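I opened a notebook for a first look at this structure. My entries follow in the order I looked things up.

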Amino acid sequence: GKYGTQGVSSPSVFPGGRYASGSFADTANACLYLFGGYGYGDMYDVGGKFLSDLWKYDINTGYWTWIKGSTSSGQPTVYGTKGVPSQFGSPGGRFGFAYTSDPSGAFWVFGGIEDGQGSGNIYLHDLWKYDPKINRWIWYGGSTAGNQYGVYGNLGIPDASNLPGGRGYSTAWCDVAGNIYLFG
């Protein structure tokens, strides 16, 4: 990828090659966003791995903008405080996560796979929201530890202690009321 200056669009910046990333469109369908995946950051990112970068593509200009995240793969997750927008909070480098957008134009990420730094892949079960209106990630729930089992509770009954287990390559969608569903 060619990152340029964070927050500045240009015809000479673009994301590097990747797979198992997440994407969404803004509510006006004027911009597309791309987050994470497995691939290459900038030209110094030898070998590539788990990406944490967030990009915006403006359909009208045809320009990319590097919005958030690192130019290097393998960045750790920075959790902060649950439910509080953070300038430094980040879901970190991951791929194969579930993702969806909600009616307000926010982007949601659940779980995925991160690099265990020599101990194999780690399956995550944390929930993140990116709010493009304030340009911040918000950690909403899940453990900071990976490879956790789910807490299922009673079928069909919402409970704050329920939590899906760590997973990769699942899928998510959001209904018009803003409820998020996760499968697989």
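**Entry 1: Tyr 169**

Is Tyr 169 buried or exposed? I looked up the relative accessible area and got 52%. The cut-off for exposed is over 50%, so Tyr 169 counts as exposed. I note here that the model is a predicted one. I then placed Tyr 169 in the chain: it sits in the loop between E9 and E10. I also checked the backbone. Tyr 169 has a phi near 60°, which is positive although the residue is not glycine. Most residues other than glycine have a negative phi.

**Entry 2: Asn 147 and Ser 170**

I stayed with the loop between E9 and E10, where Asn 147 also lies. What is the phi of Asn 147? I found a value near 55°, again positive in a residue other than glycine. The relative accessibility of Asn 147 is 46%, so I wrote it down as partly exposed.

Ser 170 has its place in the loop between E9 and E10 too. Is Ser 170 buried or exposed? Its relative accessibility is 10%, and the limit for buried is under 20%, so Ser 170 counts as buried. I listed its contacts, setting aside neighbours within four places in sequence. Ser 170 is in contact with Gly 96, Phe 97 and Ala 98. It is also in contact with Leu 182, Phe 183 and Gly 184.

**Entry 3: the cysteines**

How many disulfides does the structure hold? I found zero. Cys 31 is in no disulfide, and the nearest cysteine sulfur to it belongs to Cys 174, 20 Å away. A disulfide needs the two sulfur atoms within 2.5 Å, so this pair does not qualify. Seen from the other side, Cys 174 is in no disulfide either, with the sulfur of Cys 31 as its nearest at 20 Å.

I checked how accessible each one is. Cys 31 has 9% relative accessibility and counts as buried. Cys 174 has 18% and counts as buried as well.

**Entry 4: Asp 175**

Where is Asp 175 found? I placed it in the loop between strand E10 (171-174) and strand E11 (180-183). At 24% relative accessibility, Asp 175 is partly exposed. Beyond its neighbours within four places in sequence, Asp 175 is in contact with Pro 103 and Tyr 181. I looked closer at Tyr 181. Its side chain and that of Asp 175 are joined by a polar contact of 3.2 Å. I also took one distance along the chain. Asp 175 and Leu 155 are 20 residues apart in sequence, and their C-alpha atoms are separated by 20 Å.

**Entry 5: Thr 77**

I moved on to the loop between strand E5 (63-68) and E6, where Thr 77 is found. Thr 77 has 16% relative accessibility, so it counts as buried. Which backbone oxygen does the side chain of Thr 77 reach? I found that of Pro 91, at 2.8 Å. I noted a side-chain partner too: Arg 94, in a polar contact of 3.5 Å with Thr 77. Leaving aside residues within four places in sequence, I listed other contacts of Thr 77, including Ser 90, Gly 92, Glu 114, Asp 126 and Trp 128.

**Entry 6: Ile 67**

Ile 67 lies in strand E5. Its relative accessibility is 12%, so I counted Ile 67 as buried. How far apart in space are Ile 67 and Gln 6, C-alpha to C-alpha? I got 5.7 Å, for two residues 61 apart in sequence. Ile 67 touches Gln 6, not counting residues up to four places away in sequence. Ile 67 also touches Leu 54, Trp 55, Lys 56, Tyr 130 and Asn 135.

**Entry 7: the largest pocket**

What volume does the largest pocket have? I noted about 990 Å³. The lining takes in 33 residues, and those closest to the centre are Asn 162, Leu 163, Pro 164, Ile 180 and Leu 182. Which elements give two or more residues to the lining? I found strand E6 (98-101), strand E7 (107-115), strand E8 (121-131), strand E9 (136-141) and E11. I sorted the lining by class last: 19 residues are nonpolar, 11 are polar and three are charged.

Note on methods. Residues are numbered from 1 along each chain as its sequence is written. This is a predicted model: local features need pLDDT of at least 70, side-chain atom pairs count only at pLDDT 80 or more; totals for chains, interfaces and linings use all residues. Side-chain values use heavy atoms; hydrogens and water are left out. Buried means under 20% relative accessible area, exposed over 50%, partly exposed in between (1.4 Å probe, protein chains only). Helices (H or I, at least four residues) and strands (E, at least two) are DSSP runs, numbered from the N terminus. Contact means heavy atoms within 4.5 Å. A polar contact is a pair of N or O atoms within 3.5 Å; within protein, one must be able to donate a hydrogen and the other to accept it, and residues adjacent in sequence count only if both atoms are side-chain atoms. On a 1 Å grid over the protein atoms alone, a cavity is a set of points where a 1.4 Å probe fits but cannot get out, and a pocket is an open set with protein on both sides within 12 Å along at least five of seven lines; lining residues have an atom within 4 Å of a point. Grid points are joined across faces, edges and corners, and a volume is the space filled by probe spheres set on the points. Ala, Val, Leu, Ile, Met, Phe, Trp, Tyr, Cys and Pro count as nonpolar, Asp, Glu, Lys and Arg as charged, and the others, Gly among them, as polar.
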